[in-house]
Every structure is written in C-alpha cells, then in structure tokens.
Amino acid sequence: MSRTQATHSWRWRKWLPERYGQSCRVLANGRLNSALVEFEDGHRVITSRYAVRKITPNETSGEKQECGFS
C-alpha cells in the first residue's frame, strides 16, 4: 500500500485462509455487496464486503476489548 494506511482486516478463513487477520484497505465498493480490497503487499482481490471488517482503535493498539459483563 502506498499512500493510505490499512483501515480493514481480512476476516474469512474459508477463502484466502493465509490472509486471515491481515490488514488491508477497501479501494472501491461495487454492486451486489462487492468490494475491491488491497493487502499491504499489493495483492488485490474482488470479494464480498462481509470478508473485511473495519479496524477499531483497540485492535490497532493490540489490546482486547472487554465486554464489561460480570
């Protein structure tokens, strides 16, 4: 990735299991819930938008978020 940093992470293990948890960014959203995704190494994939999740500030710092229930 050249200009912007990663905003999403790959969440599917069934497709591209070696990329599970890797940072990526969504370059474009298409019709029928599709998205063009680029990984940090430059590899691009057209996939469902369900395959990626936005990175929260807690995920970037390495801390796990607790639910707060006892």
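**Reading a predicted fold: questions and reasons**

Biologist: Why is Gln5 called exposed?

Modeller: The relative accessible area of Gln5 is 66%. The term exposed applies over 50%, and Gln5 at 66% is therefore exposed. Please bear in mind that this is a predicted model.

Biologist: Where in the chain does Gln5 lie, and how far is Gln5 from Cys24?

Modeller: Gln5 belongs to the segment that comes before strand S1 (8-10). Its C-alpha is 8.1 Å from that of Cys24, although 19 residues separate the two in sequence.

Biologist: How many helices and strands are there, and in what order do they run?

Modeller: The protein has one helix and five strands. Starting at the N terminus, the order is β-β-β-β-β-α.

Biologist: What makes S1 and S2 a pair?

Modeller: At least two bridges are needed for two strands to pair. S1 and S2 are joined by two bridges and run antiparallel, so the condition is met. One of the residues concerned is His8, whose bridge partner in S2 is Cys24.

Biologist: How do you know that S2 is paired with S3?

Modeller: Strand S2 (residues 23-29) is joined to S3 by five bridges, and the two run antiparallel. Since two bridges would suffice, five establish the pairing. Among the partners are Val26 with Val37 of S3 and Ala28 with Leu36 of S3.

Biologist: What continues the arrangement on from S3?

Modeller: S3 also pairs with strand S4 (residues 44-48), again through five bridges and in the antiparallel sense. Here Ala35 has Thr47 of S4 as its bridge partner. The hairpin of S3 and S4 has four residues between the strands, and Gly42 in the turn takes a positive phi of about 95°.

Biologist: Why is S3 described as mostly covered?

Modeller: Strand S3 spans residues 34-39, and five of its six residues are buried. To be buried, a residue must be under 20% relative accessible area; the description therefore follows from those five residues. In the protein as a whole, 23% of the 70 residues count as buried.

Biologist: What makes Leu32 and Asn33 worth a separate remark?

Modeller: Most residues other than glycine have a negative phi. Leu32 is not a glycine, yet its phi is positive, at about 55°. Asn33, likewise not a glycine, has a positive phi of about 60°. Leu32 is in the loop between S2 and S3, and so is Asn33. The hairpin of these two strands has four residues between them.

Biologist: Why do Leu32 and Asn33 receive different accessibility labels?

Modeller: Leu32 has 84% relative accessibility and is exposed, because this value is over 50%. Asn33 has 27%, which is neither under 20% nor over 50%, so Asn33 is partly exposed.

Biologist: Why is the pair of Trp10 and Trp12 called edge-to-face?

Modeller: A pair of aromatic rings is described by the distance of the centres and the angle of the planes. The centres of Trp10 and Trp12 are 6.4 Å apart, within the 6.5 Å limit, and their planes meet at 75°, over the 60 degrees required; the pair is therefore edge-to-face. A search of the whole structure finds three aromatic pairs, and ring pairs link Trp10, Trp12, Trp15 and Phe39 into a cluster.

Biologist: Are Trp10 and Trp12 buried, partly exposed or exposed?

Modeller: Trp10 is buried, because its 1% relative accessibility is under 20%. Trp12, at 25%, falls between 20% and 50% and therefore counts as partly exposed.

Biologist: What is found over the rings of Phe39 and Tyr20?

Modeller: The charged end of Arg19 sits over the ring of Phe39, 4.5 Å from its centre. Over the ring of Tyr20 sits the charged end of Arg13, 4.0 Å from the centre. Both distances satisfy the limit of 6 Å.

Biologist: Where is the confidence of the prediction lowest, and where highest?

Modeller: Confidence is lowest in helix H1 (residues 57-61), with a mean of 63, and highest in S4, at 95. Over residues 61-65 the pLDDT is below 50, and this stretch has two contacts in the model beyond near neighbours in sequence. For the protein, the mean pLDDT is 83, with 79% of the residues at 70 or more.

Methods. Residues numbered from 1 in each chain as written. Predicted model: local features only at pLDDT ≥ 70, side-chain atom pairs only at ≥ 80, totals over all residues. Heavy atoms only, no water. Phe/Tyr/Trp six-rings, centres within 6.5 Å; stacked < 30°, edge-to-face > 60°. Buried < 20%, exposed > 50% of the residue type's maximum accessible area, 1.4 Å probe, protein only. Lys NZ or Arg CZ within 6 Å of the ring centre and 35° of its normal. pLDDT = per-residue confidence, 0-100. Contact = heavy atoms within 4.5 Å.
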